[in-house]
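Biologist: Could you show me the model, please? I should like to go through the fold with you.

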Amino acid sequence: MTSFINQDRPPVFCPGCTHERITKGLDKAFSNMGLEADKIAIVTDIGCSGLFDTFFNVHALHGVHGRALTYAAGLKLADPSLNVIVTMGDGGLGIGGAHVLSACRKNLDLTLIVLNNFNFGMTGGQYSATTPNDAVVGSEFLNRAEIPIDICSVAKSAGATYISKCSGHDPKLPEELVKAMQHKGFSLVETLGLCTGRYTKRNQLTVKSIDQMIEKNPVPGGVVEENQRPEYGELYRELAKKESRFPEPLVIESQFDLPDPGRQEIVILGSAGMRIVTAGDIVCHAGISAGMNASIKNDYNITVLRGQSVSEILLTPEEIGYTGIESPTVVLALSDEGVARRKKIFQTLAPSTFVLKEKSVTIPETPARVEEIDFKALKIKKQDWALASLGLIAARNIAVTKDMLTLALKSRFNDKVFGLAMETVEKMF
Ligand code: SF4
């Protein structure tokens, strides 16, 4: 029999812990299925069951409470040929249970093994989402104040297409795991087991009493007929293929010469509602039309029509690795809020830096050359100040030209908006 157990780091659990049996059972299941190691990925959650990924010589990923399922989903969607198995304890399931519900609802072809031992073993035996009311645990009376969940019932009602429940000591465990892994869709196997390090020290739970629990509350294991539906990954790919709304990427041909072919760093300092980000985007288009590489970094609040809005644009003939602004060549100061956000840069500007300041805006002392403009007197609305500023630097042949700006506006806007934008730009010439 092929074994995938990592002999350099074999499983180590407390003596008598059911996790050890499940580790061996899972290894046997892999072997019985004739799987290759590079076609298996074990994704683990938090807790003692979160150690499984280190015990096998297969692909492995360790996640946090419940979210192991989300990483597993990404793996399976990216490579449908992988057999993806998630191990999770009742602790992780309680904390990150929304991800379990989501996995049940989606029906992506994953297998979740929930190693239910009725407590948080790793952290001292505190109560979990499955601890019975009458259990004695390390978190005093708290398990008496709420009811435990029935994992399989929850999974079934959330749409799981395959569920099963068995003792972690059941000799048929490898077969149960094989059946779950062979199911096309999401399968959940709940194993009941002993946490000898914590739980069974305080509570009468034995292999026999686990069998009795299962007999008393049997789960008709296997395929859940009423939940059967297409596997999520296949359905996702089919729907995505039919989707035709994705636009073709915009190609901007290099066709202009820049006034200055060197690196340009343009900083636009404004407020929400002044179309600062749009202006930054237009500068990028313009720069690319002159053969430059472009990057943009925007800084604004989550609020609407309130708060600063700052756009930092880098145009350079070099490949861009770091997108930060180091030495601005142009600063457009259009609101006090925007200036306050970057007030430190003014002292460090070079004398050659061009600063355009709207008359109503106050800027700190700076060695840069400053030009003031009164947009209000020119009857330009505040939301057009950023665009008008671009018109003004184009009129001065700084960083962009009128041709570059015109092309950028044409490719960015529909005919009507383009016409209005050009009216604003023309006022600056
Ligand atoms: S603390 Fe409990 S679950 Fe963890 S290894 Fe020990 S017996 Fe197993």
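**Fold and ligand shell**

Modeller: Phe118 lies in the loop between S4 and helix H6 (151-157). Please keep in mind that this is a predicted model.

Biologist: What is the phi of Phe118?

Modeller: Phe118 has a positive phi of about 70°, although this residue is not a glycine.

Biologist: And is Phe118 buried or exposed?

Modeller: Phe118 is buried, because its relative accessible area of 5% is under the 20% limit.

Biologist: Which other residue that is not a glycine has a positive phi?

Modeller: Ala399 has a positive phi of about 70°. Ala399 sits in the loop between H14 and helix H15 (402-412), and with a relative accessible area of 3% this residue is buried.

Biologist: Back to S4, then. Which strand pairs with S4 over six bridges?

Modeller: Strand S6 (residues 187-192) does, pairing in the parallel sense with strand S4 (residues 111-116). Within that pair, Thr111 has Ser187 of S6 as its bridge partner.

Biologist: What is the strand order of the sheet of seven strands?

Modeller: The order is S2-S1-S3-S4-S6-S5-S7, in an open sheet with mixed pairing. Strand S2 (59-62) and strand S7 (222-223) are the edge strands, and each pairs on one side only.

Biologist: Which helices lie across those strands?

Modeller: Helix H3 (residues 68-78) lies across strand S1 (40-44), S2, strand S3 (83-89) and S4, and runs at about 180° to S3. Helix H9 (residues 207-216) lies across strand S5 (162-167) and S6, at about 145° to S5.

Biologist: How about the sheet of six strands: what is its order?

Modeller: Those six strands form an open sheet in the order S9-S10-S8-S11-S12-S13, and the pairing is mixed. Strand S9 (293-300) and strand S13 (369-373) stand at the edges with a single partner strand each, so one side of each has no neighbour in the sheet. From one strand to the next, the twist averages 15°.

Biologist: How many bridges join S9 to S10?

Modeller: Eight bridges join S9 to strand S10 (residues 308-316), and the two run antiparallel. Asp299 has Val310 of S10 as its bridge partner.

Biologist: And which helices lie across this sheet's strands?

Modeller: Helix H11 (residues 276-288) lies across strand S8 (264-271), S9 and S10, running at about 5° to S10. Helix H14 (residues 385-395) lies across strand S11 (330-333), strand S12 (354-358) and S13, and its angle to S12 is about 140°.

Biologist: Now the ligand. Which residues are around it?

Modeller: They are Phe13, Cys14, Cys17, His19, Cys48, Asn117, Gly121, Cys195, Thr196 and Gly197. By class, this shell has five nonpolar, five polar and no charged residues.

Biologist: Let us turn to the whole chain. What radius of gyration does it have?

Modeller: The protein chain has 31 Å, whereas a compact globule of 429 residues would have a value near 22 Å. Along the principal axes, its C-alpha atoms fill a box of roughly 90 × 50 × 45 Å. Of the 429 residues, 50% count as buried.

Biologist: How many helices and strands are there?

Modeller: The protein chain has 16 helices and 13 strands.

Biologist: One last residue: where is Leu235?

Modeller: Leu235 is in helix H10 (residues 232-242) and is partly exposed, with a relative accessible area of 31%. Leu235 and Met274 are 39 residues apart in sequence and 43 Å apart in space, C-alpha to C-alpha.

Definitions and conventions:
Residues are numbered from 1 along each chain as its sequence is written. This is a predicted model: local features need pLDDT of at least 70, side-chain atom pairs count only at pLDDT 80 or more; totals for chains, interfaces and linings use all residues. Side-chain values use heavy atoms; hydrogens and water are left out. A residue is near a molecule or strand if one of its heavy atoms lies within 4 Å of it. Ala, Val, Leu, Ile, Met, Phe, Trp, Tyr, Cys and Pro count as nonpolar, Asp, Glu, Lys and Arg as charged, and the others, Gly among them, as polar. Helices (H or I, at least four residues) and strands (E, at least two) are DSSP runs, numbered from the N terminus. Buried means under 20% relative accessible area, exposed over 50%, partly exposed in between (1.4 Å probe, protein chains only). Two strands pair if DSSP finds at least two bridges between them. Contact means heavy atoms within 4.5 Å. Axes are lines fitted to C-alpha atoms, for helices over the stretch in contact, and angles run from 0 to 180 degrees between N-to-C directions. The radius of gyration is taken over C-alpha atoms; the globule rule is 2.2 Å times the number of residues to the power 0.38.
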